Every structure is written in structure tokens, then in C-alpha cells.
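Please look at the sequence and the structure shown here. The report that follows goes through selected parts of the structure under short headings.

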Amino acid sequence: MQTGTIVYFDIAAVVIMMIALASLLFRKLTHGAANRVYLTCMVLVTVTALCAVVGEALDALLLRPLMPLYPVDTNAPLAVRSAFTTIYYALRVLTAPAYLVLIATVSDTSHRLDSSNFRRVFLWVPMVLTVLIVLTNPLHHLVFFYENGFAQREPLICVLYFCAIYYSLIGIAWLIRWRELLDPEELSTLMLLYPIMLAAAAIQYELPALRLEMFVTSIAMMLVSAFVIHPETRRDAMVNAASLHSYNEMTYRAFITDKPLCLAFVEIVNREKLRELLGKHRVQAITREVADMLTTTLEHDDTLYYLRNVLFCIATRNIDVEHALRIAKNTHEAGKARSETRKEKAAVTQMRTCIVRIPEDISDTETLVSFERRFGHLVPQSTVVTYGELAARDDFELQMKLSDILEHAIDNKSFEIHYQPIYCLRDGCFHSAEALVRLKDKRFGWIAPSLFIPEAEASGAILDIGSILLEKICAFLGRIDFSTTGLAYIEANLSVDQCVRPELADEILCLLEKNDVEPARLNLEVTETSAMYSQQAIDENVKKLAAAGITLSLDDYGVGYSNMSRMIALPFSLVKIDKSFVDALDDSATRTILASAIDSIKQIGKEVLIEGVETEEQAQLLAKMGADFIQGYHYAKPLPEDKFIEFMQEHRRT
Ligand code: C2E
Ligand code: CA
Ligand code: CA
């Protein structure tokens, strides 16, 4: 049968592949192992199709017009023509193994391909031998032979088909073995391509003139691009890095397939500060710049992932502390250079970096997730540490187990509440108390609220905890006798996430009613927040609660985002000034600021409480400055319920 009569399919294949390649390069989808292997496969298919087209063109333009003039088989055009066919067949041999590598790469199992010498031989020797048979065809002519200007297939051409079938069977077996690592869509696409391509090869074998093979292969590559390579889920939409989705997939697969990995986590430490100084958009731009800086440090098959807010992870085969230090230092230096050129001197990005080895350090998803979540608390600022160094610390296990401990405590409602008496300077007696949560774990003992409250706020558990605490506090209010303790009210802390819930006010009023407590016996402490979106919801709750007779305090005044105008606008009756002012009372500037703050707060008709008073001198000084209330260890520590009642009865003004 004559070949070369229908070349349009090959030309179409070349055009399709060129467009697909251009789009890949244009979209810069060249980072990461999967993209690179896919790109290599595309180049392979393109060059193969190109060889077919050029070969056919040579036939049409040179060989057939010249044929009558030359004796066959020794002339130069025929040698050139043969060379193209040889290259075409050799590249064709590579397609099935390349596809196998693609499957292994997109399922993150490529490390399994060469995990033993036996596997290496089993996998690569058949391919090498087949290529050798093709390349030595000019010597033995057992694969194909030109006769009368047309290639005739010879017996050893079967080896090529056997080779393709061999790799297809391995590919199918591989897909079945690792099916849990792929989405159903990915799995079915990758699987389906085998029958499609084998059918095309069979048709071309029977009807060589119908040059379907390359065309079908190029369509198959497009299917892979559409259903398996998903650039949009693999890249982060905001930052030029791989997405959280692909990070989760990559680590999940690494655990299942025992893939050794080294992860370098890098986080911008001072995000909040940067946001305050420069605004949200600049912080996004800085995050993108950091991603670009980190990209320049990547080597070989390293991938940069963007996990959340300002946390990055570089996944690599191997990373040593030196390399990680270099990453951290380069990023810091670049951040400094950037801030200098943009006159953002105060906004030097500071990084924290930690190197984790998988599976030596972490070998399951759960631990990895806890680690990522606690990253900012575990890793000190501006340093590079290894996971091993962190794990050697005393509180490491507690930090890692914190969310489990909280979950357990929520299920068992095992939080306790201690009450810290508050002293009224004006009346010279104890007047109220702040309810403070306490958590005791069987294994770790007392856990500080400053440790678990931020974790609960970050995970959302604070809503459940907050409800449990309010329930307990209201029940306590229902039990105590206000006349024998001399208590005016109890202050309870509210987290911002609680305050933004529209149901909050009704829930609290309902709890008070249930326990038969007058609203005036409860005072709620609210902190300021920078989150503009939440202010309206907070304001509505605050106003509703105040209207019902519950008094409100503004907590932690002087730290964070507290501002005068909000303090004036909202019905706070008490402003609690943060302990940091008391700690800095030696400083005359602090004294001046504090005195004028107390003065102005009182002038707008609110009372002032100073927190964290530990000495008599501090108390006297603050009394002189005009503070109304004092809370601190100097007067009383937070006490368990029974001790607190005793304390109040004892210290009651008679
Ligand atoms: P906060 O609301 O500012 O509470 C005052 C903290 O200062 C308490 O720490 C209290 O024990 C401590 N303190 C009081 N006087 C002194 C003193 O003289 N010296 C020193 N060094 N500390 C003093 P605690 O109980 O560890 O609570 C820490 C933070 O945890 C609280 O700060 C509050 O933000 C949060 N928190 C505590 N209980 C609750 C709660 O029931 N709900 C919520 N949402 N947050 C809570
Ligand atoms: Ca408080
Ligand atoms: Ca406070």
C-alpha cells in the first residue's frame, strides 16, 4: 500500500500542538514537575508530527520527482528521507514511556518509577532496546525499507507495537494501583487515552495512508491538558505560586506513597503591622513580590506553594539549613531593598522559616495540618529552624495538640471560670470582678488563656467556647447573693467573633432570663477591632445589649486599634486600660499620656479601670491620676468560684 497520500492529519496535529505549546508558554505553565513533564510530552509529540510532515513533504517535493532519475536506495535524497522516518519511529517509541512518566508525575508517584534497580531495568531497558533497533535500521533494514520511493514495513516493526503495548499495560496497571491519588475525572481521562491511542495505532497499521496516529495523539494531549493539568486549580489566583489545592494533593500523595520530601515553610511575620502601615492592597503586592523572590531561589524540581495569608511552602527533594537560611536571607534583603526604594522604611518584611522533612519529621496529614495551623506560634521570628529543633521544646506537644485539647474541652464543657476582684478607688472597696476562663488538661495541666484563646479565635472554636462560658457565668450570677458579696456586677469577656453574630444579644438576654438575673448584674468586655466589615454588626449588638440594661466595657484600651471616635460613639460605661501602661509607668512620657487618657475618658462621662496593677506605688500613682477602678495581683488574683465568694464576703465593706 502507498503511504503519504493523506498528510493533512499530520499537519493538523502539528498545528494543534503548536497552538497548545504556545498557550502553555504564554501562560507560563512551566513550573513544577507535572507542568514540565507535560511540556516535554507536548514537545515530543510536536517534533514527532513535524518529522512525519517533513518526511511526507520530502516525498512529494524531492523523492518522487527525482525517482526516475536515480537508482533507488543509495542516493542522497533517499538517505535524508530514511533519516526522517528513522527519527519519526524512534520518537514514536518514546511516546508511550513518556505518557507513563506523565501519569506518574501527575499522580506524584514518579519517585516510585525508579525506586529499585529491578524497576529501572524493567521500565527502561525495553524502551532503550527498541530505540536501538530503530536507530540501527540503516544497517539491517529490518524495521522498514524504501522501495520505489515508498517505505515498506519489515518484520521488526512489530517490536515497536509490542513496546507500545508493554508500556500501555504498565500505565494501566499504574493507574489502577494509584487510583486513590487521582480524581475520578483525571483517572478516567488518563485511562481512556490508552484505548483511544491504541485504536488509532491499529487503524494506521491497517490503513497506513490514513495517518491518524499523530492527530489522535495530539487530541489526547489536549484532553490531558483539559482534564488533568488544570492550571487554574494548580496555580494560586493572587500570587504566582502553586495553589493550596495542589499543596494538599501533593502532601496527601507523599504520605500515601512514602515519597521523601523536604518542605521549607516561610511566613511573613509582620503582616498585621504591614497592613496597618500600608493597607491591604500593598500587602497583597508585597506578598506577590515575596513569591517572586522565593521563585528565584527554586532549584530543579522545587515547587513554591502559597498556602494562606502570608504562608508559603517550598517543596523540594532535599534542602539543608544553609539553603533555607539563604532563602530567608535573600527574601529579607530583597524586602529591605524594596522598602528603601519605596520609602516604606518601617515596612521591612520579616520572615520566619522552618524546615520539615517528610516522612522523618511528619508522616501524616493530621500532624502536618496542626503544624501549619500553629506555624506562627511555633516558629520564632526572623529565624530558620528545623522541625527537630522545635520538637525538642517543652511546649511543642501542647502547641501541636491544642486544637484536640480544645475540642475535647468543648465536648465535655470542662472549662472553669475564675473571678478576679476589681477594686474601686473611689469607694475603697471591692466592687465587681472579671470572669476569666481557665482550662486544665489531664496531661498538660493549666493552659494559659493567652495560648488557647487566640487558637480558638483562629479556628472558630471561640463561638462554642464563648457560649459555654456565658452559660456558666450566667448560671453563677443566678446562684450568688449580691447583697452578701457586695458585688455590683461581673464582667465577662467577649471575642470579636462572638460580637459580630447578630443572635448574640438575644442569646445573652435569654440566658439572663433563664437564670433569673437582672441585666445590670452583667457587664460585657469588648475589644476594638480593625475589621471594618464587622463594626456595624458589633455596634448593633452593643446598642441592643445596652438598651436592655447590660453595661459595657471597652477592653484593652491603648493596644491594637482602639480609637477615640468609636469609644465616644458606643455606649461603653467603662474603659479598661491595658496592663502595658502600668508596666511602663517608670517612663515619664507614658505617665503623661496615661494621665491625659484617663482625664479625657472621664471627661466624656466614662469610668476608667487600670489593669495589671502589681504594687502599692502603682496603685497610689494611678489613684492620683484619677483612675476609678484597679484590677491586679496587688489586690487579688483570679480565684475559683468558692474562694472568690469567700474573698468577697470577707472584704465586704461593712
Ligand atoms: P484580659 O481580658 O486583658 O484579662 C486580664 C488578664 O490579665 C488576665 O489574664 C488576668 O489574669 C491578668 N492579670 C490581672 N491582673 C494582673 C496582674 O497584676 N499582673 C499580671 N501579670 N496579669 C494580671 P488571663 O486570665 O491569663 O487572660 C488572658 C487573656 O485571655 C484575657 O486578657 C482575655 O483576652 C483572654 N480571656 C480570658 N478569659 C476569657 C474569656 O472568658 N473569654 C474570652 N473571649 N477571652 C478571655
Ligand atoms: Ca478582659
Ligand atoms: Ca484587658
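## Strand β8 and its partners

In this predicted model, histidine 418 has proline 640 of strand β17 as its bridge partner. Strand β17 covers residues 639-640, and two bridges join β17 to strand β8 in an antiparallel arrangement. Strand β16 (residues 629-631) also runs antiparallel to β8, and two bridges connect them. Here cysteine 424 is matched with phenylalanine 629 of β16.

Strand β9 (residues 429-441) is another antiparallel partner of β8, joined by nine bridges. One of the matched residues is tyrosine 423, whose bridge partner in β9 is phenylalanine 430. The hairpin of β8 and β9 has four residues between the strands, and in it glycine 428 takes a positive phi near 65 degrees. Strand β8 itself, residues 416-424, is mostly covered, with eight of its nine residues buried.

## The calcium site

Which residues hold the calcium ion (ligand 3) as protein donors? They are Asp555 (OD), Asp556 (OD) and Glu611, the last of which is listed with OE twice. These donors lie 2.1 to 2.5 Å from the ion. Along the chain, the donors of the calcium ion (ligand 3) follow the spacing D-D-x54-E. Aspartate 556 belongs to strand β13 (residues 551-557) and glutamate 611 to strand β15 (residues 607-611), so that pair links distant parts of the chain, 55 residues apart.

A further calcium ion, ligand 2, lies 3.8 Å from ligand 3, and aspartate 555 bridges the two ions. Are the donors aspartate 556 and glutamate 611 buried or partly exposed? Aspartate 556 has 25% relative accessibility and therefore counts as partly exposed. Glutamate 611 counts as buried because its relative accessibility is 11%.

## The nonpolar cores

In soluble globular proteins, nonpolar side chains tend to be buried together. The largest nonpolar core here has 78 residues, and the ones that touch the most other members are Phe415, Ile490, Leu524, Ile610 and Leu622. Helix α20 (residues 462-479) supplies the largest share of this core, nine residues. A second, separate core has 61 residues, including Tyr167, Leu190, Leu193 and Met214.

What does isoleucine 610 touch, leaving aside residues up to four places away in sequence? The residues in contact with isoleucine 610 are Ile577, Val582, Leu594, Ile598, Leu622, Ala627, Phe629, Ile630 and Gln631. Phe629 in this list is also the bridge partner of cysteine 424 in β16.

## Aromatic rings

How many aromatic pairs does the structure hold? There are 25 aromatic pairs. A pair of aromatic rings is described by the distance of the centres and the angle of the planes. Tyrosine 161 and tyrosine 205 form an edge-to-face pair, at 5.0 Å centre to centre and with 80 degrees between the planes. Tyrosine 161 is in helix α7 (residues 157-177) and tyrosine 205 in helix α8 (residues 184-206), so their pair ties together parts that are 44 residues apart in sequence. Tyrosine 161 counts as partly exposed, with 24% relative accessibility. Tyrosine 205 also counts as partly exposed, at 33%.

Tyrosine 423 and tyrosine 635 form a pair with ring centres 4.5 Å apart and planes at 15 degrees, so this pair is stacked. Tyrosine 423 lies in strand β8 and tyrosine 635 in the loop between β16 and β17, so the pair links distant parts of the chain, 212 residues apart. Both tyrosine 423 and tyrosine 635 are buried. Elsewhere, one aromatic cluster is made up of Tyr247, Phe265, Tyr305, Phe371, Phe375, Tyr387 and Phe396.

## Charges over rings

Arginine 521 places its charged end over the ring of phenylalanine 482, 4.0 Å from the ring centre. Lysine 637 lies over the face of tyrosine 633, and its distance from the ring centre is 4.7 Å.

## Asparagine 35

Where is asparagine 35 found? Asparagine 35 is part of helix α2, which covers residues 33-66. Because its relative accessibility is 10%, asparagine 35 counts as buried. Not counting residues up to four places away in sequence, asparagine 35 touches Leu29, Thr30 and Ile229.

Key: Residues are numbered from 1 along each chain as its sequence is written. Chains are lettered from A and ligands numbered from 1 in the order in which they are written. This is a predicted model: local features need pLDDT of at least 70, side-chain atom pairs count only at pLDDT 80 or more; totals for chains, interfaces and linings use all residues. Side-chain values use heavy atoms; hydrogens and water are left out. Donors are N, O and S atoms within 2.8 Å of the metal (3.2 Å for Na, K and Ca); water is not among the atoms, so sites may look incomplete. Buried means under 20% relative accessible area, exposed over 50%, partly exposed in between (1.4 Å probe, protein chains only). Two strands pair if DSSP finds at least two bridges between them. A nonpolar core is a set of buried Ala, Val, Leu, Ile, Met, Phe, Trp, Tyr and Cys residues joined through side-chain atoms within 4.5 Å. Contact means heavy atoms within 4.5 Å. Rings of Phe, Tyr and Trp (its six-membered ring) pair if their centres lie within 6.5 Å; planes under 30 degrees apart count as stacked, over 60 as edge-to-face and the rest as tilted. A charge sits over a ring if NZ of Lys or CZ of Arg is within 6 Å of the ring centre and within 35 degrees of the ring normal.
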